[in-house]
Structure formats: structure tokens, C-alpha cells
Amino acid sequence: MLSKPPRRTVLRGAAAAAVVVGFDPAGRAWAVEGDGGPFDEVPPLDGTLLTDDASRAAAADDYGHIVRRTPAAVLRPGSVDDIVAMVRYCRRHGIDVAPRGQGHTTFGQAQVKNGLVIETTPLAGIGPVRDGRVTVGAGVRWSTLAKATLEHGLTPPVFTDYLELSVGGTLSVGGIGGQTHAHGAQVDTVTELEVVTGAGEYVRCSPDRRRDLFDAVRAGLGQCAIVVGATLQLVTAPETVRHFLLPYDDLHTFLADQRRLVEERRFAYVEGQVSADDTGAFRTYVLEATAYGPPAGPSPDDELLLRGLRHDPDGATAETLDYYAFIDRLGPVVEQLKEAGLWDDAHPWLNLLLPGEEAERLAGGILAGLTPADVGPAGVVLLYPLQREELRTPLLKMPRDRVPYLLAVLRTCPPEDTATVDRLLAANRDAYETVRDRGGKQYPVGSVPFGRDDWHDHFGRAWPFLASARRRYDPDGILVPGQGIF
């Protein structure tokens with residue numbers, strides 16, 4: 001997914017001050033001596049191995065701004081061959097490895113102390129669109145991919161709310177959004193993966209080739225291989241969408257109407273938000289739904305789409321939006337947060353998957369305990385249903401319920417306020433245990449303190465499969481230790 005540039009390997013930082021003792025026929029350094037730490041004898045590379053303090057410090061942090069683990073080096077690959085070479089090198093030397101896309105993890109999942117962080121951003125190739133599919137590098141952002149496929153009148157069927165995430169990053173956890181009830185998660189739209197295993201093998205895998213690896217990588221949290229490329233299904237894109245915001249003042253009715261909409265598949269997109277009322281109580285509900293217009297769907301009929309719903313009609317809004325403007329509607333909001341300095345807050349997120357039959361009780365209990373200070377000035381609370389029959393990836397664990405709900409408390413607070421961070425992490429753990437005891441799961445993009453026994457319980461019947469795949473494809477256990485699974 002990344003061609004080799006005609007240039008010599010660059011070694012920067014501590015290793016750059018060392019002595020080069022050999023070159024390959026292309027003039028690339030193959031070994032150094034001196035202050036290179038565990039990377040004082042690197043293999044030939046097309047890209048750059050960074051050991052300077054600034055690069056290492058950047059890779060020691062993430063979007064959560066809670067956990068810090070400083071790597072010994074950062075690889076900026078010039079080719080997939082670089083990733084193969086460095087994973088093999090790290091395996092020989094017992095060095096841990098973690099891939100990093102946009103660094104949007106919240107609890108140190110893609111960090112690695114004294115190891116190697118591999119940036120996937122350079123893996124930015126987008127192949128031709130053929131037969132309703134496209135092959136892309138793992139570092140491609142969903143926003144870039146959407147713009148490219150829309151030129152062909154096509155679109156990925158599922159997006160997370162924020163488009164500036166990498167393809168490889170979301171495929172490692174699942175990729176859930178408002179279209180998931182109709183198309184599954186992003187991992188359910190993959191037809192082939194290109195990966196580098198923990199043994200340093202470059203492998204193509206799919207439902208028909210190395211199926212065990214294919215299933216172990218999708219939503220496998222990086223435990224068996226590094227995603228370097230993916231082939232994705234595409235669907236016909238609408239030119240415009242009809243976007244509704246429907247207010248509710250009753251949790252029971254809000255959840256029931258959401259469930260009705262996803263079961264009937266009346267809308268292409270269904271989500272929901274919960275916000276605080278004037279008293280600070282989280283009991284203001286807004287159902288967000290979108291119908292696609294031509295050529296992806298019929299011309300939206302407001303009366304037909306809203307028939308039978310029990311929202312407050314006086315507060316409802318409806319507008320017609322350009323399709324890309326809709327899927328990227330958080331883009332301007334993020335820019336405002338960055339300008340206000342709030343993007344750099346800590347993000348001790350809570351992301352839970354609730355059994356549908358228990359959703360009202362579990363969500364009601366968690367929401368009743370929330371205060372505006374628990375969510376933060378830039379925080380958001382999401383609550384919306386999925387359809388389990390569309391979620392076909394073995395390691396994307398869901399409650400055993402036909403219509404589970406995602407509850408996401410996307411908290412923010414100042415990163416220097418460690419007392420509040422600790423309090424919110426403890427609250428996350430308490431909420432998780434309550435949900436777990438009723439058959440729920442966590443969606444593992446948040447900040448819930450988790451141990452090995454928790455992971456064993458989380459994966460349940462899939463645990464032996466994951467453990468076996470780990471032994472086969474990462475036999476020395478060097479990949480993504482920040483997840484804390486093995």
C-alpha cells in the first residue's frame with residue numbers, strides 16, 4: 001500500500017549521533033553503533049526511525065491525555081517492507097510494538113513503554129474503485145476515503161461520528177455509527193485485509209484465505225497483526241439527506257421509538273443524544289435520524305418517515321443537507337473545540353453496550369447519577385440502538401440481545417485535574433461492572449480500568465480462539481501491550 005521512495009534511510013535522534021558501520025547496495029544504512037539503545041543495529045529501511053525526544057514524547061500521549069508510556073523509537077515507514085523488517089527485528093530483540101494511526105485512543109491502548117511505535121499515517125494509498133470495492137492503506141482517514149469514493153457516486157456504508165480517524169484504527173476495534181443498525185460495524189464491511197503479523201509475516205487474509213487470521217484481526221485490538229491495508233465494500237451514495245432532530249422528555253418513549261425505527265429500517269441513520277436540563281439532570285433526549293435521498297433512496301417524505309413517532313413536534317427540526325456535509329458535521333465542531341483549547345482536555349470516556357431488554361433500567365441508572373461536571377464542558381452523551389443480526393465479526397462482542405444499545409459518556413476534564421480523572425475512571429469501572437452483571441459489554445475505545453480476567457470475561461466463548469490466534473500469529477507476544485489483554 002506504500003511504494004518505496006528513492007532515498008536513503010534516515011536515522012534521527014539518539015541513533016543519528018551514532019556511527020554508521022555499513023550500507024546496503026542502495027546506499028541505505030544497515031547498522032549503527034553508539035547511543036541507539038535497543039535500536040543500535042537497525043535493518044535497511046525506506047523510511048525514518050525516530051529516536052529524538054520530541055517524537056518519542058508525542059507517541060507517549062494520546063487523545064485521552066491520561067496514560068503516558070514513552071517508546072524507545074518511532075517508525076515512520078517508507079513502505080510496508082519497513083514494517084515487516086522492524087517487526088522481525090523487534091521479535092528477535094524482545095521489543096514490544098504498537099501501531100498508531102491518528103492517536104485517538106483514550107487510555108494508552110496504542111502506547112508502548114521502551115518499545116517501538118509504528119506510525120501508519122504514511123500508508124495513505126487509495127486504489128481504484130472497482131466492482132463496488134476499494135483497497136486502501138491503513139493510514140487513510142475516513143474523510144479522505146469518503147471524498148475519493150464520492151467521485152464515483154459511492155460511499156462506505158458505515159461511518160463513525162468523527163471522520164478524521166484512520167481506517168486501520170477503527171477496524172482494530174470495530175467502527176460503530178448511526179448506520180450500524182443497517183450495515184453492521186465497519187469491520188463487517190471488509191472483504192480483505194493486508195496485515196503484518198507479530199511473527200513479521202506479510203499476509204493477505206479474507207473469508208476465503210486465512211480466515212482465522214481475518215477473524216482475529218477485525219476488532220482484535222491489534223493482538224495478532226498490524227493492519228496495513230484493507231479492501232472495503234461500497235454502496236451507492238445519496239446526493240442529499242433529510243436530517244431530523246426529534247426531542248423527547250421520557251426515556252422509555254425515546255428508547256422505544258429508536259428501537260422501532262431500527263427494526264423497521266425506516267431511516268438510513270439512527271442515533272440519539274442525552275443532555276442536561278435546566279436543573280442539571282440528564283433527562284433531555286434527542287433522537288437523530290437521517291433518510292437518504294436519490295440515488296441511494298427515494299425522495300424523503302417527512303410525514304411518512306415520522307408516522308407513529310411520539311416526539312414533541314413543537315421542538316422537532318428537519319433540514320436537507322449535502323451528504324458529505326452530513327457525515328462530516330462534527331468537523332466544524334472539532335475546529336471550534338481546538339480553537340477554544342478544549343480538544344486537549346483529558347477524555348476519560350465510558351463506552352458501554354447494553355442489552356436491549358435492560359437498556360432503560362441500565363441507562364436510566366447511569367444517567368440519574370450523572371452531573372454536568374461528570375461529562376465536562378465539551379462532553380457528549382450518546383444513546384442509540386444497533387441490530388445484532390448485522391454484527392457478524394466474532395471478536396466484536398455484543399450482549400446477547402437482538403437490539404443492543406450503545407451508551408457513550410464522552411467525558412472531558414482538564415488533564416492536570418488528576419483527582420477528577422481518577423474519580424471518573426472509578427465511576428467508569430463501577431458503571432461497567434453494573435452493566436456486565438446484567439449481560440452487557442464495553443465497547444473498547446474508552447477508559448475503563450481492565451485486567452486480564454476482565455478481558456477473558458469480555459471475550460467469553462471467543463477467548464480460546466483469540467488466545468490460539470495470538471500464539472500462532474504473535475508467538476512472542478510483542479504486539480500492542482497497552483491493551484493489557486495478555
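## Strands, a helix and a pocket in a predicted model

P295 sits in the loop between strand 16 and helix 8. A cis peptide bond joins P294 and P295, with omega about 0°. Helices (H or I, at least four residues) and strands (E, at least two) are DSSP runs, numbered from the N terminus.

This is a predicted model, in which local features need pLDDT of at least 70 and side-chain atom pairs count only at pLDDT 80 or more, while totals for chains, interfaces and linings use all residues. Residues are numbered from 1 along each chain as its sequence is written, and side-chain values use heavy atoms, with hydrogens and water left out.

**The second largest pocket**

Strand 16 (282-292) and helix 8 (302-306) return in the second largest pocket, as each gives two or more residues to its lining. A pocket here is an open set of points on a 1 Å grid over the protein atoms alone, where a 1.4 Å probe fits, with protein on both sides within 12 Å along at least five of seven lines; lining residues have an atom within 4 Å of a point. The volume of this pocket is about 360 Å³. A volume is the space filled by probe spheres set on the points. Of the 23 lining residues, A268, Y292, A296, G297 and P298 are closest to the centre. Helix 5 gives the most to the lining, with three residues. The lining divides into 14 nonpolar, six polar and three charged residues. Gly counts as polar in this scheme, and Tyr, Cys and Pro are among the nonpolar residues.

**Strands 4 to 7**

Strands pair if DSSP finds at least two bridges between them. Strand 4 (residues 48-51) pairs with strand 5 in the antiparallel sense over three bridges. L49 stands opposite L75 in strand 5. On the strand 7 side, the bridge partner of L75 is I118. Strand 5 (residues 73-76) and strand 7 run parallel, joined by three bridges. Strand 6 (residues 97-100) also pairs with strand 7 in the parallel sense, over four bridges. There, R100 has E119 as its bridge partner.

Both faces of strands 4 and 7 are covered. Buried means under 20% relative accessible area, exposed over 50%, and partly exposed in between (1.4 Å probe, protein chains only).

| Strand | One side, buried | Other side, buried |
|---|---|---|
| Strand 4 (residues 48-51) | T48 and L50 | L49 and T51 |
| Strand 7 (residues 116-119) | L116 and I118 | V117 and E119 |

**Helix 2**

Helix 2 covers residues 80-93, and its end C-alpha atoms are 20 Å apart. That agrees with the expected 20 Å for 14 residues at 1.5 Å a residue, because the expected span is 1.5 Å times one less than the number of residues. Buried residues of helix 2 include V80, D82, I83 and Y89. G94 follows the helix, with a positive phi near 65°.

**Positive phi outside glycine**

N114, in the loop between strand 6 and strand 7, has a positive phi near 60°. R210 has a positive phi near 50°. R210 lies in the loop between strand 11 (202-205) and helix 6 (211-217). R210 is partly exposed, with a relative accessible area of 32%.

**The open sheet**

Strand 11 belongs to an open sheet of four strands in the order 8-12-10-11, with antiparallel pairing. The edge strands are strand 8 (133-137) and strand 11, each pairing on one side only. Strand 8 meets strand 12 (residues 225-233) over five bridges. T135 has T231 of strand 12 as its bridge partner.
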